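Here are some short exercises to work through with the model open beside you. Try each task before you read its solution.

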Amino acid sequence: MNKAKIAEVFDSVQGEGIYLGEKQIFVRFFGCNLNCVYCDTKLDRFMEYEPHELVEEIGLYRDKYHSISFTGGEPLLFKDFLKEVLQLTSKGGHRHYLETNGTLVGELEELIEHIDFVAMDLKFPTSSGMGDLWETHKKFLKVAARKEVFLKAIICEGTKEEDLKDAIKLIKEVSPSSILVLQPNSHEDPVFLQKKLAKYKEICKQHKVIACVIPQIHKLTGIK
Ligand code: SF4
């Protein structure tokens, strides 16, 4: 049976990126294929859902929503499950917003026709501790760019400028109109990071990459 591990389903407002404040239904999947040093979504509980069970639960939310946000963890780990769900929820008129770490290229390829918005992480090696993912990110972005995509990168005290330059190179090569959202690590010194982010934004401007600084609001405000 095609089941997925889901940590929670709820409605709230988007707390990150260029759709900040939009009302969404959130489906948070359990588990991830990465292990970023700054990760704070290491969950310990989940429920197993079949596709129709999730669709029924989504149907309980009756307000007007911007989209359904599939988040995690990494939603693409449950590609076959998601395919069934997306087919059903698009029939119900929902739009689909995928929050992803930008690494599971084959899985995205199979689902992209059903996705409307992609919020893709760029894992800077000196921020995430995950090593060099640039080639994987490049392949992923090529697929994501068939739909509306924006990029997010966590900037830490230890982030090196060479990572930003690699990100700029990637964006210019693959999807030059995509916006790069720079997110300060919310557990580190905001004053130090503010200066660094201002400098990074200026570097992006010099290279004609659209960048903005948007903190992860839900962590600052306590909004779920
Ligand atoms: S990709 Fe996201 S969920 Fe996965 S380990 Fe990194 S921060 Fe955590």
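**Exercise 1: a residue in a helix**

Task: Place Glu 202 in its element, then decide whether it is buried, partly exposed or exposed.

Solution. Start with the element: Glu 202 lies in helix α7 (helices are DSSP runs of H or I with at least four residues, strands are runs of E with at least two, both numbered from the N terminus). Next, take its relative accessible area, which is 37%, so Glu 202 is partly exposed (buried is under 20%, exposed over 50%, partly exposed in between, with a 1.4 Å probe and protein chains only). Finally, look at Phe 78: it is 124 residues from Glu 202 in sequence and 38 Å away in space, C-alpha to C-alpha.

Before going on, a word on the ground rules: this is a predicted model, where local features need pLDDT of at least 70 and side-chain atom pairs count only at pLDDT 80 or more, while totals for chains, interfaces and linings use all residues. Residues are numbered from 1 along each chain as its sequence is written, and side-chain values use heavy atoms, with hydrogens and water left out.

**Exercise 2: the faces of two helices**

Task: Work out which residues of α7 are buried and where they sit around the axis.

Solution. First the length: α7 has 17 residues and reaches 24 Å from first to last C-alpha, close to the expected 24 Å (1.5 Å times one less than the number of residues). Now pick out the buried residues: Leu 193, Lys 196, Leu 197, Tyr 200, Ile 203 and Cys 204. Seen down the axis, these fall within an arc of 120°, so they line one face of α7 (the arc is taken from the directions from helix axis to C-beta atoms). Turned away from that buried side are the exposed Val 191, Gln 194, Lys 195, Lys 205 and Gln 206.

Task: Do the same for α6.

Solution. Helix α6 covers residues 161–174. Its buried residues are Asp 163, Leu 164, Ala 167, Ile 168, Leu 170, Ile 171 and Val 174. They cover an arc of only 165° around the axis, which puts them on the same side of α6. Glu 162 and Lys 169 are exposed on the other side.

**Exercise 3: backbone oddities**

Task: Find what is unusual about the backbone at Lys 208 and between Gly 72 and Gly 73.

Solution. Begin with the background: most residues other than glycine have a negative phi, and most peptide bonds are trans. Lys 208 isn't a glycine, yet its phi is positive, about 60°. You'll find Lys 208 in the loop between α7 (190–206) and β9 (211–213), and at 70% relative accessibility it counts as exposed. As for the glycines, a cis peptide bond joins Gly 72 and Gly 73, with omega about 10°. Gly 73 is in the loop between β4 (67–71) and α2 (79–91).

**Exercise 4: around the ligand**

Task: Which residues are around the ligand, and how do they divide by type?

Solution. List the neighbours: Cys 32, Leu 34, Asn 35, Cys 36, Cys 39, Thr 41, Gly 73, Asn 101 and Lys 123 (each has a heavy atom within 4 Å of the ligand). Then sort them: 4 are nonpolar, 4 polar and 1 charged (Ala, Val, Leu, Ile, Met, Phe, Trp, Tyr, Cys and Pro count as nonpolar, Asp, Glu, Lys and Arg as charged, the others, Gly among them, as polar). Gly 73 thus takes us back to Exercise 3, being part of both this shell and the cis bond.

Note on methods:
Near = heavy atom within 4 Å.
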